[in-house]
Amino acid sequence: MANNDKMETMLYNAAMGLGLAEEMRTNPDIFVLGQGVASGGWFGAEKGLADEFGSDRVVDCGICEAFEVGMAAGASVVGMTPVINLGFADFSLIAGDEIYHKLGKWRYMHGLNVPMSAVIILPVGVMGGAGPEHSNSIEVLGMHFPGLKVVVPSNAADAKGLMKAALREPNPVLYHSIQTLSFTRGEVPLDSDYIVEIGKGIVRRPGRDATLLTYGSMVNRSLEAATTLANEGIEVEIIDLRSLVPLDWELILESVNRTHRALVVHEANKTAGPGAEIAAQIQERAFYELETPILRVAGKDVPLPQQNDLEQACIPSVDEIVAAGRHIMSL
Amino acid sequence: MSIIRDLTIPMMGSVENARLLQWYVAEGDAFVAGDVLYELETDKTVTEITAEEDGILVRRLGEEGADFKMGDCVGWQAPAGSLPEAIQQGVALREGNGPQPAAAAVALATSVTALESSTTAATTEVEPGEMLMGGVMAKTSPRSRKLAREYGIDITTVTATGPRGRVTGEDVLRVAAKRKRLPVAAGPEANVVPQKAPVPTVEPGAEVAAAGTSLPSPAQRPVALTNKPAGTRVRHSLRRKTIASNMVCAKREMPHLTADMDIDLSALMALRKRFKASGQQPPSILAYFACNASRLLQEHKSLNATFGEDEMVLWNSVNLNIAVDTDEGLVVPVIRDAQLLTAAEMSTRIAGLAEAARQRALQPEEMAGGTFTISNPGALGPVVRAEAVLNGDQVALMGMPGIVQKPVAVALPDGSYAVQVRPILRLGITFDHRALDGGPVIRFLNALKFAIESLA
Amino acid sequence: MPIDTTLIGDMYRRMSIARAIEQIVEKHTRKARISGWWHPGEGQEAVGVGASAALNGEDYLWYQGRGCAWAIGKGMQPGPILGDVLGKVSGATGGKGGGVPHWADYSLGIMGEGATLGSVYPLAAGSAFASKLRKDGRVSLANFGDGTASRGTFHETMVHAATWKLPLIYLCENNELLVGTKLTDVCPTADIADFAKGYGIPGIIVDGQDAVAVYEATLEAAARARAGEGPTLIEAKTTRVQGHYAGDPQNYRAKDALANYRDPLAVLAERMAVDEVETIAAEALALVQAAYEETLAAPPPDHSIIFKDLYYGQ
């Protein structure tokens, strides 16, 4: 089955679709449900799926998120692996009961330890003028409510590898694809067993001076910022968390214990965002390794404006990350 | 009103006197509730004093090594988040050369306003890091404070190279590297054993004592001149360090455990009866235990040890502390080279020291340098269990409760059992679980039980 | 086709067990505290037992808040039910909870309940969708009360289930009360079955006090579902004898609210011999009493289960 080491350059969303298609070929219990998925998906992730797997397994439905996720919960309880694409994570709030109570709690509250596989695709972040109700980064909710796993692929290869891992996971997974990366290209392994393990982060750039923890849309900006900082003699280690539930504490603490400084960078709102939890846990677990306070660079606590300049002004820029890097070294 | 408040030594029950050993917070440093402020030695123990609330250490009034009464003021503190100007004004007021109260109040109000406005700013739009420390920039970091504690370095003496004059962890490590620490137990007879090689060396004198045969007369015996006897040092393995740190986290206090074992004193009682029958005063029961325990500690060195931050020292000779109850409380004089004494000698020495203790005639060197302690509350009344707090950095303590006549199952020659009433003493070894696991303690208890029950 | 007398006896037995559980729990809550709430279903037993009798063992049941008769009807024993209600390890959920209730047994097709009432519509569609894909011939039944027929997911789910002809049965227990509110105060029609018209599916009204009527209507709906003809909406008119929860003073209810109440056990007994009725009732009572005593003696759950089942294999 495996295509060994072959790589192909493809779109982030296409890589996500490739991971999905590969798993559908070997697992007949996977089906896909969403608005427009039968015709290839709004953003191209489901392109060609209906042709290959038929309209029984790749199913369009009305505009009704609660039904879609509730159905996924019911199907997963009886052993199916539903994949639901809600198009925008913002819409998941309409399916709050179905995601956080039903998917997250059904096994627990009924005391039956059965696998419940389901992948809910909840694209997050700005995509250029989508407005306050189509641009949110609400991945912190999956961290707050127990019973779910949460992944945030930051590039095309991870989009495939994390999708495949999510489909093989016996727990419901909130798969937060990144809107702004949907149509970016990257090298993707064609190996049909290419998996990015859930719960494992990765060092994208090693550094000795400070640990910068990030994920999703902010990985590339952080890498760019790190290059600038390196020219000034500041070597920042960039960790792409890849999963928010569970967090890779082994990796995080190993790095922080080495650099003694930590920053968290994300597009999500700063207040009670993922960075708040990560920073709190770092100080709980490694306070006496810290030379400085932990800094957060995050989205502003406002609804995201539709106008493009305003929208960009509300999320961390490369310059802001650079400034934070300089700042932490001056503390 | 000054914002400066007294930092006083907390009361600790019956303890009256205390010596301030070491400060852990530098002047100007912020601390949070639970941070260790300073280390205190009382006549009972050495203890770390932690902050009850968040604050800033404004001034150290107590010097390291100085003696205080409990409740004395050892420093000035300001509320957490106080601005430097407010602290300065507070200090001036306390020193009696500040501005007039009204002016001070205005000045303080101004600085409070400044603090509030900066807090408000923090919730809206600030550069990362600007909202930190309530305006007072700490001069150390959590890491540098921890390292200073670990290496026993006074952080205020460390040259700061960090941003804004901060002492960084690297700064502390630099000092530590320069200042190769002197061995705790220096002396020709201390054997430093590398990690994973906890093989104690036995000195000739000890061998003689352990064999229990012809002892040299007291005059011929080597006399320990140093406060600490010679011993074997075993560097902590990583595992031991982990166990130690876990144990501390688990209980927050030193993890004491006590293992008890019933010892049948029939043989001992019979022996003492024979002394009396021949018109001699027999050695005390305590002396028999002290004598046998000291001899056995030669073989069970891990109980005759002291536990430090980075290493544990297994001592070759036994400097035995005997807890003595006096009117002023407990004192623990030491009997040096106790492993060399016979039960009769032990009995005399204990009696002498106890009398000296009651007369307050003990010299400081007669109380220092112990390696193992015996507590004998049974002498005061029939307590059923003798668990006690460990003495200083010693890893084990032997507690002797009262002797109780108890029915026990005694093996008969035909293999059956019969219930007989025997004098039983429930001997307890309280030990520091960071340093010792149960195994060596039980082995020691077994050996001592065998020794006492086989006396003839 | 006349109904099998063995089946009637079996339904009577299950209804009697459910009734005995209702009464023993009601009695228990008057003298001792239970963790959580008990939502009594007394008076509505014919619906759960009659409908369950029409389902096959492997059919999926997604029940609602007064689910005791449904669980007994679908094959659960009194022990696990009482175990959860009284918070004992012997419960179906290991004692985590059960008064809401959350007991389930997947081997019996008892899939559980959503305590955000009326939330099982899409879940039932999920299992029905799985059956359609797998062609396993199973039927899914979503049980609900009249109060939650106004939920958005009632509509969302039925729109899709009717379009896709999912093997799904909507079974409404209309007791005309939403906690303490009269249905007609918040709903434009007194008959929930009227909603079926809009989806182009059959909307059937049956006497919810008559287990046989409920059984027959469900059997027909299940046959339609298995034949690929899609969902059916059944509305069983019934009566809630007790309050919304055990101990509810029911100040919102008229004194003579139960004047026309017909006990479903009595209704079914008319089809049976007197001595059979008495024997079955006595056996049921003894069974439940024994289970109750066993439950009282069972230990409470250990705190070690707090993280159990949160993630698979945990």
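# A tour from helix H7 of chain A outward

Begin by selecting helix H7 of chain A, and then show what covers its buried residues, a set that includes strand E9 (202-205), strand E10 (210-214), strand E11 (236-240), strand E13 (262-269) and H11, each of them in chain A. Keep in mind throughout that this is a predicted model.

Staying with H7(A), colour its buried residues, which are Met218(A), Val219(A), Asn220(A), Arg221(A), Ser222(A), Ala225(A), Ala226(A) and Leu229(A). The helix covers residues 218-231, and its 14 residues should span 20 Å at 1.5 Å a residue, which agrees with the 20 Å that separates its end C-alpha atoms. After H7(A) comes Gly233(A), a residue whose phi is positive, near 90°.

Now widen the selection to chain A as a whole, where the secondary structure amounts to 11 helices and 14 strands. Of the 331 residues in this chain, 61% are buried, and among its contacts with a separation of 6 or more, 80% join residues that are 24 or more positions apart.

For a pair of helices in the same chain, select helix H3 (residues 65-77) and helix H4 (residues 96-110) of chain A, which pack with their axes 9 Å apart at an angle of about 10°. Because angles under 35 degrees count as roughly parallel, H3(A) and H4(A) are described as roughly parallel to each other. To see the contact itself, show Ala66(A), Val69(A), Gly70(A), Ala73(A) and Val77(A) on H3(A), together with Asp97(A), Glu98(A), Ile99(A), Lys102(A), Leu103(A) and Trp106(A) on H4(A). Sorted by class, this contact of H3(A) with H4(A) has seven nonpolar, one polar and three charged residues.

Next, pick out Gln312(A), which is found in helix H10 (residues 308-313) of chain A. Is Gln312(A) buried or partly exposed? It has 14 C-beta neighbours inside 10 Å and therefore counts as partly exposed. Add Met127(A) to the selection, since its C-alpha atom and that of Gln312(A) are separated by 9.9 Å, although the two residues are 185 residues apart along the chain.

From here, turn to the boundary with chain B, where 16 residues of chain A are in contact with 11 residues of chain B. On the chain A side, the elements that give two or more residues are strand E14 (295-299) and helix H11 (318-330), and the largest share, four residues, comes from H11(A). The residues on this side of chain A divide into nine nonpolar, four polar and three charged.

Then move to the boundary between chains C and A, where 35 residues of chain C are in contact with 36 residues of chain A. On the chain C side, E2, helix H5 (121-134) and helix H6 (152-164) are the elements that give two or more residues, with the largest share, 10 residues, coming from H5(C). By class, the residues on this side of chain C divide into 17 nonpolar, 15 polar and three charged.

Finish within chain C, where six strands form an open sheet in the order E2-E1-E3-E4-E8-E7, with parallel pairing. Strand E2 (110-112) and strand E7 (203-207) of chain C stand at the edges with a single partner strand each, so one side of each is left without a neighbour in the sheet. From one strand to the next, the twist averages 25°. As a last close-up, select strand E3 (residues 140-145) and strand E4 (residues 168-174) of chain C, which pair in the parallel sense over six bridges, and find Ser140(C), which stands opposite Leu168(C) in E4(C).

Terms used. Residues are numbered from 1 along each chain as its sequence is written. Chains are lettered from A and ligands numbered from 1 in the order in which they are written. This is a predicted model: local features need pLDDT of at least 70, side-chain atom pairs count only at pLDDT 80 or more; totals for chains, interfaces and linings use all residues. Two strands pair if DSSP finds at least two bridges between them. Axes are lines fitted to C-alpha atoms, for helices over the stretch in contact, and angles run from 0 to 180 degrees between N-to-C directions. Two residues are in contact if their C-beta atoms, placed from the backbone, lie within 7 Å. Ala, Val, Leu, Ile, Met, Phe, Trp, Tyr, Cys and Pro count as nonpolar, Asp, Glu, Lys and Arg as charged, and the others, Gly among them, as polar. A residue is buried if 20 or more other C-beta atoms lie within 10 Å of its own, exposed if 12 or fewer, and partly exposed in between; C-beta atoms are placed from the backbone. The expected span of a helix is 1.5 Å times one less than its number of residues. Angles under 35 degrees count as roughly parallel, over 145 as roughly antiparallel, 65 to 115 as roughly perpendicular and the rest as oblique.
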